[in-house]
Amino acid sequence: MNLPASESAAPWPWPRWIAHRGAGKLAPENTLAAFREGARHGYRAFECDVKLSADDVPFLLHDATLDRTTDESGVAGLRPWAELSRMDAGSWHSDAYAGEPIPSLEAVARFVRRNGFLLDLEIKPTPNHEAHTGRLVAQDVAQLWAGDAVPPLLSSFWPQALAGAREGAPALPRALLLDRFWDGWLETAQRLACVAVITSFEMMDEALVQRLRSAGLRTSVYTVNDPEEAARMTALGVDSIVTDAVDVFR
């Protein structure tokens, strides 16, 4: 069943399909190489993760630590950008991407804006730095995308990070990420003036779509790689679908 958008919902400029971590299964996640791979498969919008270096430079990385996706170890947010920028973020994936660097948010902005792409930017703060990360990331996004009709969507599982983002750049769009329902989640999304709620696809059903639409909120889901689930999300009228399977859903 396709459900119409609420008349009170803000316009939704992001496409139905969004490449997860920049096509981060076919290329090393959260790198420009992954963005290029997603673009090669026809994608024009990308989800990625941003955090702060020890000297407050926003850069792309999913995990709190460097161990899984670089040639270094330890807490990423404790390292200065001068060190992070020299790390190998590609060899873990395959030899073809050896030497692929961790990108700064500034480098991502240049690539995205030059090509007319859109971004779902998940704020991934180092623990105990949620509000600070949200505030500085939002301020940088406001500067880097100044004048753009569609700036990045700032999303996070952390309400404190979204509150910081609202303080740093209140005009930027925000979305609350959920991997479970907790007391007051909808009221929190509304208090933070979010434009959308993004859930795992397992959580999304017709009742939730209706509830969010009635509240004037848009819907997005992660991470849909199965065609049957993709069909279910499409039938529900979900606004955006985040996927790893850019080679399946072209």
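Biologist: What supplies the area that the chain exposes, and how much is it?

Modeller: The chain exposes about 10600 Å², and carbon and sulfur atoms supply 50% of it. The areas come from the Shrake-Rupley method with a 1.4 Å probe. This is a predicted model: local features need pLDDT of at least 70, side-chain atom pairs count only at pLDDT 80 or more, and totals for chains, interfaces and linings use all residues. Residues are numbered from 1 along each chain as its sequence is written, and side-chain values use heavy atoms, without hydrogens and water.

Biologist: Why is Arg213 called buried?

Modeller: Its relative accessible area is 4%. Buried means under 20% (exposed is over 50%, partly exposed in between; 1.4 Å probe, protein chains only). So Arg213 is buried. Buried residues make up 56% of the 250 in the chain.

Biologist: What makes the link between Arg213 and Asp239 a polar contact?

Modeller: Their side chains are joined at 3.0 Å. The cut-off is a pair of N or O atoms within 3.5 Å; within protein, one must be able to donate a hydrogen and the other to accept it, and residues adjacent in sequence count only if both atoms are side-chain atoms. A polar atom of the Arg213 side chain also lies 2.7 Å from the backbone oxygen of Gly237.

Biologist: How do you know that the radius of gyration agrees with a compact globule?

Modeller: The rule is 2.2 Å times the number of residues to the power 0.38, and the radius is taken over C-alpha atoms. For 250 residues that gives a value near 18 Å; the chain has 17 Å, so the two agree.
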